Amino acid sequence: MDNRRQGKSYGKTIRDYIVITVAMLLGTVGWELFLLPNQITMGGITGIASIVYWGTGIPAQNVYFALNAVLLIVALRLLGWHFCVKTIYAVLVFTVAASVMTQLTHGQGMLADQKFMATIVGGVFMGTSVGLGLSAGGSTGGSDVIAAMVHKYRDVSLGHVILFCDMAIITSSIIVLHDWEKVLYGYVLLFVVSFCVDNVVGTLRQSVQFFIVSDKYEELGRAINEIANRGCSTLNGNGFYSGKDIRVLFVIAKKSESSLIFDLIDEIDPNAFVAQSAVIGVYGQGFDTFKVKRRNLVKARQKLEELSSKSD
């Protein structure tokens, strides 16, 4: 059993790194073909690297790598190796891919005469890149690493920190670009990237629940455990019309796994009664982890202490 779990863990790690690689390649396309050549600023380290490139001519990927290297050295001391290892890999892939893309395109982008369309297309590529990277436990570095370090010591929303950093970087591009229209494109880009990130991460994390009524519940339960790799619970029930005792399997799974579970049900018991529904959030046991603000946790503990003292 331990070997099996270890094998699954290795498999998941490999999948994560494949997803991060694809994500960084998509981000490179968006940055090098649509945003950088058209002088459209985005947030984070990529935004700072773009501004330095437009102002000094230093290759943007070199600035991106140098700034992230300094930032990640600090993050390693504060946040630990576990948090940073995938981000380090993502930064390396993004830097190498950006260097190759620059050599292939010679700095020439697409949609040069359609800035707004370049903003939208580039934002979709970058937002998809960031969303896929976050879903696999990595990132392109930059403002989200800063946000994680701030959040460790201060009860501040990660989203607020990232938004503040990105807005400040985009606004500062006026110093080099001298064009408020391009700055406005940067604000639009920030909205598009945020929208795509939310949708990509939300889609990948969607979960569903199953209630399965079947006489072959034991065989179904074993198949779901061993093949779909999902736990399930058996609920005791009674058919009101038939008057018979029944067993109901309760299963929570990722939305992407629902087709496999339906295939198992159809193969083992085509006559099973199945109800499937979407769930808003699933926490623990291989799903998301609880995220509670520190001040809310303190208030909850105070309330519990008050209730305990009253009961005594």
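This is a short tour of aromatic pairs and one helix in a predicted model.

**Stop 1: the Phe34 and Phe125 rings.** The structure contains 7 aromatic pairs. Begin by selecting Phe34 and Phe125: their ring centres lie 5.9 Å apart with the planes at 15°, so this pair counts as stacked, given that planes under 30 degrees apart are classed that way. Now colour by helix to see how the pair links distant parts of the chain, with Phe34 in helix 1 (residues 2-35) and Phe125 in helix 5 (residues 115-135), 91 residues apart. Switch on a surface next. Phe34 is buried, with a relative accessibility of 7%, whereas Phe125, at 24%, is partly exposed.

**Stop 2: the Tyr64 and Phe94 rings.** Select Tyr64 and Phe94 for a tilted aromatic pair, 4.9 Å from centre to centre and with 45° between the planes. Here too the pair links distant parts of the chain: Tyr64 sits in helix 3 (residues 60-79) and Phe94 in helix 4 (residues 81-105), 30 residues apart. Tyr64 and Phe94 are both buried. Keep them on screen and add Trp31, which forms one aromatic cluster with Tyr64 and Phe94.

**Stop 3: along helix 5.** Return to the helix that carries Phe125 and try a distance check. How far apart are the end C-alpha atoms of helix 5? They are 30 Å apart, which agrees with the 30 Å that its 21 residues should span at 1.5 Å a residue. To finish, select the buried residues of helix 5, among them Gly122, Gly123, Gly127, Gly131 and Gly133. Ala118, Thr119, Met126, Ser129 and Leu132 are buried in helix 5 as well.

Terms used:
Residues numbered from 1 in each chain as written. Predicted model: local features only at pLDDT ≥ 70, side-chain atom pairs only at ≥ 80, totals over all residues. Heavy atoms only, no water. Phe/Tyr/Trp six-rings, centres within 6.5 Å; stacked < 30°, edge-to-face > 60°. Helix = DSSP H or I, 4+ residues; strand = E, 2+ residues; numbered from the N terminus. Buried < 20%, exposed > 50% of the residue type's maximum accessible area, 1.4 Å probe, protein only. Expected span 1.5 Å × (residues − 1).
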